[in-house]
Amino acid sequence: MLNVIIFGAPGSGKGTQSEKIVAKYGINHISTGDVLRGEIKKGTKLGETAQGYINQGQLIPDSLMIDILASKFDSFKDSKGVIFDGFPRTIAQAEALKVMLKERGQEVSIMLNLDVPEDELMTRLIKRGEESGRADDNAETIAKRLKVYHNQTAPLIDWYKKENLFVAINGLGSMDTIAADLFKAIDNL
Ligand code: AMP
């Protein structure tokens with residue numbers, strides 16, 4: 001299986017580029033943010049819990065996220081691979097992902113880090129908020145999410161470097177140029 005982590009700050013283009021990777025390699029997509037927004041829309045208990053954190057720009061507790069991730073992963077049958085979009089976001093999640101995959105005879109193939117400067121992230125997220133109406137894409141919550149990213153998620157860069165899985169990708173430029181760089185990295189595996 002091809003197990004790809006697409007990594008980067010909020011607004012770095014993980015969702016957009018995941019779709020391109022899914023189309024090219026025929027793998028399954030797990031966006032933990034989309035899963036949570038789906039639960040909120042359905043009005044489930046999980047959605048209710050998640051909403052409080054999301055609206056505050058905070059992360060959902062690791063134990064809950066890890067269970068959600070594993071059950072989504074196990075829902076795919078005869079999968080060629082998975083792209084993990086928005087997971088892991090903490091060291092504990094990265095460790096749990098490694099264990100979860102190992103238990104299934106799998107491992108992470110590559111971690112692709114979309115590198116985008118902070119001022120560009122802010123511009124993109126404000127624009128996305130205006131266009132999509134995503135509740136957490138407002139200036140105040142964006143600032144909190146970027147802070148959470150720097151404090152809790154960015155340390156994963158060093159973690160994956162140590163695992164020899166880290167590849168940096170320039171996240172600035174046209175969507176197709178960025179996609180081509182991502183494909184090249186995957187094809188090099
Ligand atoms: P995203 O769509 O990936 O930007 O996620 C939106 C929000 O969902 C985040 O700001 C978090 O509140 C929550 N979330 C998504 N993925 C995770 C995760 N792996 N761990 C904790 N919280 C998450």
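**Pockets and a sheet, queried**

Colleague: Happy to look at this one with you! Which residues line the second largest pocket, and what makes them lining residues?

Modeller: The lining consists of Ala94, Lys98, Leu101, Lys102, Gln106, Glu107, Val108, Trp159, Tyr160, Glu163 and Leu165. They count as lining because each has an atom within 4 Å of a point of the pocket. Bear in mind that this is a predicted model. Helix H5 (91-103) and helix H8 (156-162) are the elements that give two or more residues, and H5 gives the most, with four.

Colleague: Why is Gln106 the one polar residue of that lining?

Modeller: By class the lining has six nonpolar, one polar and four charged residues. Gln is in neither the nonpolar nor the charged list, so Gln106 counts as polar.

Colleague: Good. What about the largest pocket: what is its volume, and which residues lie nearest its centre?

Modeller: Its volume is about 1200 Å³, while the second largest holds about 160 Å³. Of the 50 residues lining the largest pocket, Pro10, Gly11, Lys14, Arg128 and Arg134 lie nearest its centre. By class, that lining has 17 nonpolar, 20 polar and 13 charged residues.

Colleague: Now the sheet. How do you know that S1 and S4 pair?

Modeller: Pairing needs at least two bridges, and five join strand S1 (residues 2-8) to strand S4 (residues 110-115), so the two strands pair. They run parallel, and glycine 8 stands opposite leucine 114 in S4.

Colleague: And what makes S2 and S5 edge strands?

Modeller: In the open sheet the order is S2-S3-S1-S4-S5. Strand S2 (28-31) and strand S5 (166-170) each pair on one side only.

Terms used. Residues are numbered from 1 along each chain as its sequence is written. This is a predicted model: local features need pLDDT of at least 70, side-chain atom pairs count only at pLDDT 80 or more; totals for chains, interfaces and linings use all residues. Side-chain values use heavy atoms; hydrogens and water are left out. On a 1 Å grid over the protein atoms alone, a cavity is a set of points where a 1.4 Å probe fits but cannot get out, and a pocket is an open set with protein on both sides within 12 Å along at least five of seven lines; lining residues have an atom within 4 Å of a point. Grid points are joined across faces, edges and corners, and a volume is the space filled by probe spheres set on the points.
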